[in-house]
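Please find below my notes on this model, set out as numbered points. They cover backbone geometry, the ligand site and aromatic pairs.

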Amino acid sequence: MRRLTWLAAELVATTAETATARTLRFRVPGWPGHVAGQHVDVRLTADDGYSAQRSYSLAAPAEGDLVELTVENVLDGEVSPYLTEVIEVGDQVEIRGPVGGWFVWRPASTAPVLLVGGGSGIVPLMAMIRTRRQAGSRVPFRLLYSLRDPARRYYAGELRRPDPGLDIAYLYTRAVPEGASRAAGRIMLDDLAEGGWPATFEPDCYVCGPTGFVEAAADLLLALGHAPERIRTERFGPTGG
Ligand SMILES: Cc1cc2nc3c(=O)[nH]c(=O)nc-3n(C[C@H](O)[C@H](O)[C@H](O)COP(=O)(O)OP(=O)(O)OC[C@H]3O[C@@H](n4cnc5c(N)ncnc54)[C@H](O)[C@@H]3O)c2cc1C
């Protein structure tokens, strides 16, 4: 197995996704490439040598040595406020990866895909959507994206553009846009029954988000008859060390 080493990463561009989330594009000389769904470790080191590291999903297919992350500002967090508010183009961090071999989607795969994302859990799912589009794959994708309210949507412009074979349903937990047919609330069996695939289609299911969200959504998929080995999960719990 390849040993992962820390690589220098220079911030080359940023985009505000929402009032609290930012996409960061880094140039990482020596980047080995990655598969949609994988993540990296990001390490920050202060002048006095103190360092902190956290995991972040890769948001897009690699473009040579450029990689993209999207980070949500966790209130009182140690690392995410720095990445969303402080770091500037030209600044350096260290990145190690790619990490993960199970929560991945490859364009050679032919099974229908169900993506279920909660909050920033959309990030690795977006990498899968972008990889599918880039590869010209015709595999049918469905995305159920649970989030507090419409202002929290990541990649809003891109997800509004037509992408044949990709169906999207937004599940708002706190506030819905005017005219929405679904009331605000957490993900339920009906959401997955209506917006997902029947278990008989044997879709590959990818569930990502905060731990409680992932556990609830995975339990609902099991209740709908999806086979456990077809449900892949990624929990965005606290990381570090
Ligand atoms: C595999 C993996 C991939 C991840 N990918 C992403 C990603 O693409 N985008 C992204 O924004 N985050 C992602 N995360 C979460 C990320 O690693 C950090 O946990 C998050 O940025 C908070 O770090 P922090 O240093 O700001 O907060 P910390 O200083 O670690 O924590 C501050 C406080 O916030 C709580 N907290 C920590 N993490 C979270 C969280 N995720 N949600 C809610 N409360 C939290 C802590 O319990 C603590 O009370 C991922 C996590 C994992 C395990």
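1. Pro98 lies in strand S6 (residues 92–99); helices (H or I, at least four residues) and strands (E, at least two) are DSSP runs, numbered from the N terminus. The peptide bond that joins Gly97 to Pro98 is cis, with omega near 0 degrees.

2. This is a predicted model, in which local features need pLDDT of at least 70 and side-chain atom pairs count only at pLDDT 80 or more, while totals for chains, interfaces and linings use all residues. Residues are numbered from 1 along each chain as its sequence is written, and side-chain values use heavy atoms, with hydrogens and water left out.

3. A second backbone point concerns Asp76. Its phi is positive, about 65 degrees, although Asp76 is not a glycine. Asp76 is placed in the loop between S5 and H1.

4. The ligand sits in the largest pocket. On a 1 Å grid over the protein atoms alone, a pocket is an open set of points where a 1.4 Å probe fits, with protein on both sides within 12 Å along at least five of seven lines; a molecule sits in it if more than half of its atoms lie within 2 Å of its grid points. Strand S4 (51–57), strand S5 (66–72), helix H1 (80–86) and strand S11 (231–235) each give two or more residues to the shell around the ligand. S4 supplies the largest share, 4 residues.

5. Which residues are closest to the ligand? They are Arg54, Ser55, Tyr56, Val79 and Ser80, out of 23 that surround the ligand (a heavy atom within 4 Å). By class, the shell holds 8 nonpolar, 9 polar and 6 charged residues, with Tyr counted as nonpolar, Arg as charged and Ser as polar.

6. Three polar contacts to the ligand (N or O atoms within 3.5 Å) deserve a look. The side chain of Ser80 places an N or O atom 2.6 Å from a ligand oxygen. Backbone N or O atoms serve in the other two: that of Glu78 is 2.9 Å from a ligand oxygen, and that of Ser57 is 3.1 Å from a ligand nitrogen. Alone, the ligand exposes 900 Å², of which the protein buries 75% (Shrake-Rupley method, 1.4 Å probe).

7. There are 6 aromatic pairs in the structure (ring centres within 6.5 Å). The ring centres of Tyr145 and Tyr170 are 5.7 Å apart and the planes meet at 45 degrees, so this pair is tilted, neither under 30 degrees (stacked) nor over 60 (edge-to-face). Tyr145 in strand S8 (residues 141–147) and Tyr170 in strand S9 (residues 166–172) are 25 residues apart, and the pair links distant parts of the chain.

Notes:
A polar contact is a pair of N or O atoms within 3.5 Å; within protein, one must be able to donate a hydrogen and the other to accept it, and residues adjacent in sequence count only if both atoms are side-chain atoms. On a 1 Å grid over the protein atoms alone, a cavity is a set of points where a 1.4 Å probe fits but cannot get out, and a pocket is an open set with protein on both sides within 12 Å along at least five of seven lines; lining residues have an atom within 4 Å of a point.
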